[in-house]
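I opened the notebook to record what I looked up in this structure. Rings come at the start, then the ligand site.

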Amino acid sequence: MGRVYDATWGRGFAALYDFFFKSVEEAGLRDMRRELLSEARGRTIDIGSGTGANLELYPADVELTMAEPDPHMTRQLRGKLAESDREVEFVAAGAESLPFEDASFDTAVFTLVLCTVPEPRAALDEVARVLKPGGRMLFLEHVRAEDPGLARWQDRLEKPWRFVGDGCHCNRDTVATIESSPLRLEQVERDRLPKAPPITRPLARGSAVRASA
Ligand SMILES: C[S@@+](CC[C@H](N)C(=O)[O-])C[C@H]1O[C@@H](n2cnc3c(N)ncnc32)[C@H](O)[C@@H]1O
């Protein structure tokens, strides 16, 4: 978003993120996260971990890596990691270029991230590379509305929302992007992000799999 933005609102956004999301988490987002993350298995990478909202919600036997490119988010995340009993590997990396060998992970997770990454398709290509054959990508993302009227509002408000939301694109058809990627969409459920502004309410959660070779 630019250096001045990053040093001012970008920094504030990260500091206030948990506060902004508190009522959304309590109204159901945390339960949705927990349900999704209960499907994580084995070596797992949480991509765009932000302030670490998912940290304590993974099953105890998951071997967890968290990747986050934003230094302000990372500061919040490091605070949570320091207080946690979990052993977590942290990498300062964006989804489009993960510092891991091919076929390294059993599970990859995106929660509220594909709305913000600059190149979602490149991110999915990279996830397909680091997932083992048969490995699964779990997602929970706010997405483009199926209702054309709301989708038009998402298009109209995309730019100002991107400014307020630290680079978040409220009108992305993330399910279509997953379908166009090397991953095979396994399941998708449409839902609503509780207590969120209408343009960020339509939600998609589910999984996609990296085909076995
Ligand atoms: C709305 S926050 C979601 C954070 C967290 N996953 C959650 O569920 O609360 C979006 C996150 O995506 C991160 N992000 C932005 N660009 C990214 C990229 N290229 N690769 C990975 N993460 C990115 C942001 O820094 C931010 O932490």
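**Aromatic rings and the ligand site**

I looked up F13 and noted it as buried, because its relative accessibility is 12%, under the 20% cut-off. The model is a predicted one, and I keep that in mind for every entry here.

Next I checked F20. Is F20 buried or exposed? F20 counts as partly exposed, at 37% relative accessibility. That value falls between the 20% and 50% cut-offs.

I then searched the whole structure for aromatic pairs and got 5. F13 and F20 form one of them. Their ring centres lie 6.1 Å apart, and the angle between the planes is 55°. I logged this pair as tilted.

I also looked at F100 and F105. What is the geometry of the F100 and F105 pair? The ring centres are 5.0 Å apart and the planes stand at 85°, so I logged the pair as edge-to-face; the cut-off for that class is over 60 degrees. F100 is buried, at 12% relative accessible area. F105 is buried too, at 0% relative accessibility.

I went back to F13 and F20 for the wider grouping. Both belong to one aromatic cluster, together with Y17, F19 and F21.

**Ligand entries**

I turned to the ligand. Where does the ligand sit? I found the ligand in the largest pocket. I counted 19 residues around the ligand, and the closest are R33, G48, E68, A95 and T111. By class, I split this shell into 9 nonpolar, 6 polar and 4 charged residues.

Which atoms of G48 and A95 approach a nitrogen atom of the ligand? For G48, a backbone N or O atom lies 2.7 Å from a ligand nitrogen. For A95, a backbone N or O atom also lies 2.7 Å from a ligand nitrogen. E96 uses its side chain: a polar atom there lies 2.8 Å from a nitrogen atom of the ligand. I then checked cover. On its own the ligand has 590 Å² of accessible area, and the protein covers 91% of that.

Technical notes
Residues numbered from 1 in each chain as written. Predicted model: local features only at pLDDT ≥ 70, side-chain atom pairs only at ≥ 80, totals over all residues. Heavy atoms only, no water. Near = heavy atom within 4 Å. Polar contact = N/O pair within 3.5 Å; in protein donor to acceptor, adjacent residues only side chain to side chain. Areas by Shrake-Rupley, 256 points an atom, 1.4 Å probe, with all protein chains shown as cover. 1 Å grid on protein atoms, 1.4 Å probe; cavity = no way out; pocket = protein on both sides within 12 Å on 5 of 7 lines; lining within 4 Å. Sits in = over half its atoms within 2 Å of the grid points. Nonpolar A, V, L, I, M, F, W, Y, C, P; charged D, E, K, R; others polar. Phe/Tyr/Trp six-rings, centres within 6.5 Å; stacked < 30°, edge-to-face > 60°. Buried < 20%, exposed > 50% of the residue type's maximum accessible area, 1.4 Å probe, protein only.
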